[in-house]
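Reader: Could you take one part of this structure and walk me through it closely? I'd like one connected account rather than a list, and feel free to wander a little once the main part is done.

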Amino acid sequence: MISSTHVAAALVLVYAIYRIARIGKREGYLPPGPPTVPILGNIHIFPKTWAYLQFTTWAREYGDCYSLKIGSGTMVVISSAKAFNEIIDKNSAITADRPPNYFADQVTSGGLNMVLARYGDKWRTLRRGAHEVLNLAVAKTHRPLQDSESSQLMYELLTIPEKSFTSVQRFASSVILSVVFGKRAPQFTTKEVKAFFHVQHIWEYLLFPGSFAPVDYLPFLKYFPEPLAKWKPVVKEVRDLQRDLYFGLLDETERRKEDNGCYMETILERSKEWGMDREMIGYLGGVLMEAGSDTTSSYLNTLILGILAFPDAQRKAQEEIDRVVGSDRAPEYDDLENMPYMQALLKETHRFRPNAPLIPRSATEDLYYNGYKIPKGTDIIANLWGIFHDPDVYENPEWFWPDRFLDNDVGTKKEKGEVPGQRNDIAFGGGRRVCAGIHVAKYSLGVVAMNLLWAFSFTPALDENGNEIKPDIWDYAQALGSAPNPFKATIKPRSPQHAEIIRRRFVEATPRLQAFEHEISDEDRVVLDKMRAEALQGLKGH
Ligand code: HEM
């Protein structure tokens with residue numbers, strides 16, 4: 001006989017099956033998206049590589065705001081300037097959070113990595129500390145240093161052009177090291193730069209979706225023992241390496257007490273007022289290096305790749321620079337306002353290969369877009385690649401073609417007229433989490449780009465048979481940001497007069513650079529002395 005207990009058990013079972021079968025199913029109020037399967041949702045088709053390309057393909061099929069089901073969780077991908085403006089800019093108060101990141105929390109003492117931190121008190125304190133030292137007025141005080149570092153970059157391209165790729169990386173790292181910790185990196189092989197790139201490589205691997213099990217989506221995995229949790233030793237390694245580097249540099253700044261005006265000197269002086277303890281200070285310094293180094297160098301190397309592959313852009317930029325600056329002096333930042341083509345070229349580089357093709361956010365309250373609901377707790381991915389490579393909005397989006405920005409400030413097709421929400425600095429993000437280093441970044445990018453094009457002609461490198469190697473605009477690293485793989489170019493000064501000015505500027509920058517040459521290795525000292533002596537010799541020889 002069937003008892004009421006049996007009936008109750010059967011009902012519970014049916015309900016449980018019904019609930020489990022619904023896991024992974026897209027709720028009716030969500031934006032559309034690819035078909036789901038029970039339990040997994042869209043996990044089985046989630047891209048393990050080149051996510052931004054697949055996200056863009058889906059955007060063309062499902063629209064500028066679509067959803068993916070990650071088990072019972074939801075991810076919404078936005079791929080138009082309008083959606084970005086409405087969701088990220090206008091709704092910033094409820095979309096400024098980042099998705100949970102267990103690995104980042106473990107590595108940086110409970111979420112002190114400002115870029116990845118949840119939207120809360122720790123982030124607010126870090127952001128305030130960053131703002132105090134990165135705002136426009138303070139950023140301006142570092143411009144002489146950026147100019148001086150750029151003069152060494154130009155000198156390296158003149159004398160060791162075959163190392164252009166790493167020279168650009170050295171420049172970017174040295175600027176951030178100096179600005180943040182008051183200590184420069186004279187070579188790409190300088191101890192701190194080597195240590196930084198070493199740990200950064202492992203760190204990116206740890207963060208890259210698919211490298212390890214998705215602990216944030218399946219939290220029970222956190223409790224697995226080490227043999228089953230392959231990320232555990234990697235987390236420890238990254239933590240140890242980062243602490244050695246970041247806190248080692250902080251110790252050095254404290255020891256030195258010398259006033260070269262670096263960020264750490266200010267932060268150490270005012271940390272109490274800003275509510276920052278030593279852990280926060282060390283990680284803030286390190287995170288600024290992480291956020292400011294690769295971005296700047298990848299951008300500049302992309303620019304070089306772009307003008308190699310699309311020589312028309314180089315020719316037009318140089319015609320303009322010659323007209324505005326001439327060949328008796330090197331360009332200065334203020335020249336940029338008289339150079340519409342150069343401005344267009346800078347914008348085009350951001351559009352062509354945005355440094356952050358996907359920006360992760362998380363909704364802290366329900367919000368609505370185009371009648372769809374984006375519930376609290378949804379991960380929101382701003383797909384910058386999809387925005388910038390939309391053929392409906394941009395003419396030939398896969399071309400490096402600065403001219404598009406001459407017609408209108410945002411580079412969109414003429415017949416499109418004004419595209420709602422479009423602005424030309426989306427590449428730096430938006431709302432409350434907009435790039436904290438935008439002023440430092442824009443100066444480095446502008447000054448170096450103008451100097452590169454003023455000083456040198458860039459043509460494709462030659463192979464062993466003397467044939468040109470076709471620049472490959474798709475040869476990018478499988479990483480979180482858009483970083484071109486190393487490539488070679490033929491780089492020649494545009495005239496002996498240009499070469500002489502490059503040498504002179506490098507020699508004249510010596511005292512400014514020396515203010516940041518602390519505790520540098522014997523090897524770095526020897527190389528620097530030799531470079532300076534040769535530059536001086538070159539000048540006398542003329
Ligand atoms: C080519 C240069 C750069 C580009 C394109 C760039 C772009 C970005 C983007 C897209 C974000 C995410 C913004 C968002 O969530 O809306 C970001 C965040 C950030 N950037 Fe930059 N960045 C660059 C250089 C720099 C530099 C030089 C620094 C430091 C000196 C820096 C410091 C930061 C920091 C600290 C954040 C985290 C902001 C937060 O989460 O509150 N960036 N950047």
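Author: Let's start with Cys435, which counts as partly exposed at 30% relative accessibility. Keep in mind that this is a predicted model, with everything below computed from it. Cys435 sits in the loop between α17 (404-407) and α18, and its SG is the single donor that the protein gives to the iron atom of the ligand, at 2.3 Å.

From there, step back to the surroundings of that ligand. The shell around it has 26 residues, and Cys435 is in the group that comes nearest, together with Arg98, Arg127, Arg361 and Arg433. Three of those arginines are worth a stop. In Arg98, an N or O atom of the side chain is 2.8 Å from an oxygen atom of the ligand. Arg127 also places a polar side-chain atom 2.8 Å from a ligand oxygen, and for Arg433 the distance from a polar side-chain atom to an oxygen of the ligand is again 2.8 Å.

Don't let the arginines colour your view of the whole shell, though: by class its residues split into 16 nonpolar, six polar and four charged. As for which elements supply them, α6 (121-134), α13 (278-309), β3 (358-362) and α18 (438-455) each bring at least two residues. The top contributor is α13, with five.

Back to cysteines for a moment, since you may wonder about disulfides. A disulfide covalently joins the sulfur atoms of two cysteines. Searching the whole structure turns up zero of them. Take Cys262: its closest cysteine sulfur is the one in Cys435, and because the two sulfurs are 20 Å apart, they are too far from each other for a bond. The surroundings of the pair aren't alike either: Cys262 is buried at 0% relative accessible area, whereas Cys435 is partly exposed at 30%.

Now for the wandering. If you like buried charged side chains, have a look at Glu348. Helix α15 (residues 340-352) holds Glu348, and its relative accessible area is 0%, so it counts as buried. Who keeps it company? Setting aside neighbours within four places in sequence, Glu348 is in contact with Trp399, Phe400, Trp401, Pro402, Arg404 and Phe405.

Ile70 is another buried one, at 9% relative accessibility, and it belongs to strand β1 (residues 65-70). Not counting residues up to four places away in sequence, Ile70 touches Leu40, Ile43, Phe46, Met75 and Tyr217. Arg26 is also worth noting here: it is 44 residues from Ile70 in sequence, yet their C-alpha atoms are 9.8 Å apart.

Last, a couple of backbone oddities. Trp50 isn't a glycine, but its phi is positive, at about 45°. You'll find Trp50 in the loop between α1 (4-22) and α2 (51-62), and with a relative accessible area of 29% it is partly exposed. Glu519 does something similar, with a positive phi near 45° in a residue other than glycine. Glu519 is in a loop too, between α20 (510-514) and α21 (522-540), and it is partly exposed, at 47% relative accessible area.

If you go back to one spot, make it the loop with Cys435, where the iron of the ligand finds its single protein donor.

Conventions:
Residues are numbered from 1 along each chain as its sequence is written. This is a predicted model: local features need pLDDT of at least 70, side-chain atom pairs count only at pLDDT 80 or more; totals for chains, interfaces and linings use all residues. Side-chain values use heavy atoms; hydrogens and water are left out. A residue is near a molecule or strand if one of its heavy atoms lies within 4 Å of it. A polar contact is a pair of N or O atoms within 3.5 Å; within protein, one must be able to donate a hydrogen and the other to accept it, and residues adjacent in sequence count only if both atoms are side-chain atoms. Helices (H or I, at least four residues) and strands (E, at least two) are DSSP runs, numbered from the N terminus. Ala, Val, Leu, Ile, Met, Phe, Trp, Tyr, Cys and Pro count as nonpolar, Asp, Glu, Lys and Arg as charged, and the others, Gly among them, as polar. Donors are N, O and S atoms within 2.8 Å of the metal (3.2 Å for Na, K and Ca); water is not among the atoms, so sites may look incomplete. Buried means under 20% relative accessible area, exposed over 50%, partly exposed in between (1.4 Å probe, protein chains only). A disulfide is a pair of cysteine sulfur atoms within 2.5 Å. Contact means heavy atoms within 4.5 Å.
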